[in-house]
Amino acid sequence: MTHRENAVMLRYDGKSIAGASIFFAVLPVADLAKLPGLGLSLSEQDIDGETAFFRETPQGVSLYLEADTHSDRLLGLREMARAGQVHLLDCLGDLRIMGAPDNLDAPQQAAYEENGFPEVDARTGIMLLRELSAEAEKARGCDEDPSISSGF
């Protein structure tokens, strides 16, 4: 069994615009910080407010990535999971609620809209991700070097 603190949760959301379904991968920033190296290689310029944006959710600040536009990043995340670099908690039930696999259809309004999750500006989201990543990297460094004492 995988411990939640060592895993990256991947949730899904979606909405319909002019009859077209748009699906989002939703990743808590605290989980993104666990990714090795450069993770998803996100910069402030990547957060355009439409296909990539941050929202304050019950799980903390989360990154929403439009699945088609950012499929390369999502495939990279899956590759990290296949390589054993990260454990992915893939919440496929979110997609089943939207009709997957046979009749995938997004609702009229996304859950983040329906629930009124506030926007988090790109700079704040990226700064939080960098801070949490630095903390996680520091913690990994201590965990990997047996000569470093935790102080306990």
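Six bridges join strands β3 and β4, which run antiparallel to each other. That pairing is a good place to start looking around this predicted model. From there, the tour moves out to an open sheet of six strands, a largest nonpolar core of 30 residues and a count of seven salt bridges.

**The β3-β4 hairpin**

- β3 and β4 make a hairpin, with two residues between the strands.
- Within this pairing, T57 stands opposite G60 of β4.
- How much of β3 is covered? Most of this strand is, since five of its six residues are buried.

**The whole sheet**

- Strands pair through backbone hydrogen bonds in a sheet, and they can do so in parallel or antiparallel fashion.
- Here the sheet is open, its pairing is mixed, and the strands come in the order β5-β1-β2-β4-β3-β6.
- Which strands form the edges? They are β5 (87-90) and β6 (119-120), each of which pairs on one side only.
- β6 is joined to β3 by two bridges, and these two strands run antiparallel.
- Two residue pairs help you find this spot: R55 stands opposite E119 in β6, while F54 has V120 of β6 as its bridge partner.
- Helix α2 lies across β1, β2, β4 and β5, and runs at about 125° to β5.

**The nonpolar cores**

- Which residues have the most contacts inside the largest core? They are L27, L35, L40, I47 and F54.
- Several elements each supply at least two residues of this core: β1 (7-17), β2 (20-28), α1 (29-32), β3 (52-57), β4 (60-66), α2 (71-82) and α5 (122-144).
- A second core, separate from that one, has seven residues, including F24, V26, A110 and F117.
- L35 is a handy residue to click on: leaving aside residues up to four places away in sequence, L35 touches V8, L40, L77, M80, V86 and R140.

**Salt bridges across the chain**

- Side chains of opposite charge can pair when their charged atoms come close.
- R11 and D94 meet through their side chains in a salt bridge, at 2.7 Å from N to O.
- This pair links distant parts of the chain, with R11 in strand β1 and D94 in helix α3 (residues 92-97), 83 residues apart.
- Is D94 buried or exposed? D94 counts as buried because its relative accessibility is 11%, whereas R11, at 31%, counts as partly exposed.
- D90 forms a salt bridge with R78, and their closest N and O atoms are 2.7 Å apart.
- Here too the link is between distant parts of the chain: D90 belongs to strand β5 and R78 to helix α2, twelve residues apart.
- Both partners are partly exposed, as D90 has a relative accessible area of 26% and R78 one of 27%.

**A salt bridge inside helix α2**

- E79 and R82 form a salt bridge as well, with 2.8 Å between the closest N and O atoms.
- How many residues apart are E79 and R82? They are three residues apart in helix α2, which is about one turn of the helix.
- E79 is partly exposed, with a relative accessible area of 45%, while R82 is exposed because its value of 58% is over 50%.

How values were computed:
Residues numbered from 1 in each chain as written. Predicted model: local features only at pLDDT ≥ 70, side-chain atom pairs only at ≥ 80, totals over all residues. Heavy atoms only, no water. Core = buried A, V, L, I, M, F, W, Y, C linked by side-chain atoms within 4.5 Å. Buried < 20%, exposed > 50% of the residue type's maximum accessible area, 1.4 Å probe, protein only. Helix = DSSP H or I, 4+ residues; strand = E, 2+ residues; numbered from the N terminus. Contact = heavy atoms within 4.5 Å. Pairing = 2+ DSSP bridges. Axes fitted to C-alpha atoms, helices over the stretch in contact; angles between N-to-C directions. Salt bridge = Lys/Arg side-chain N within 4 Å of Asp/Glu carboxyl O.
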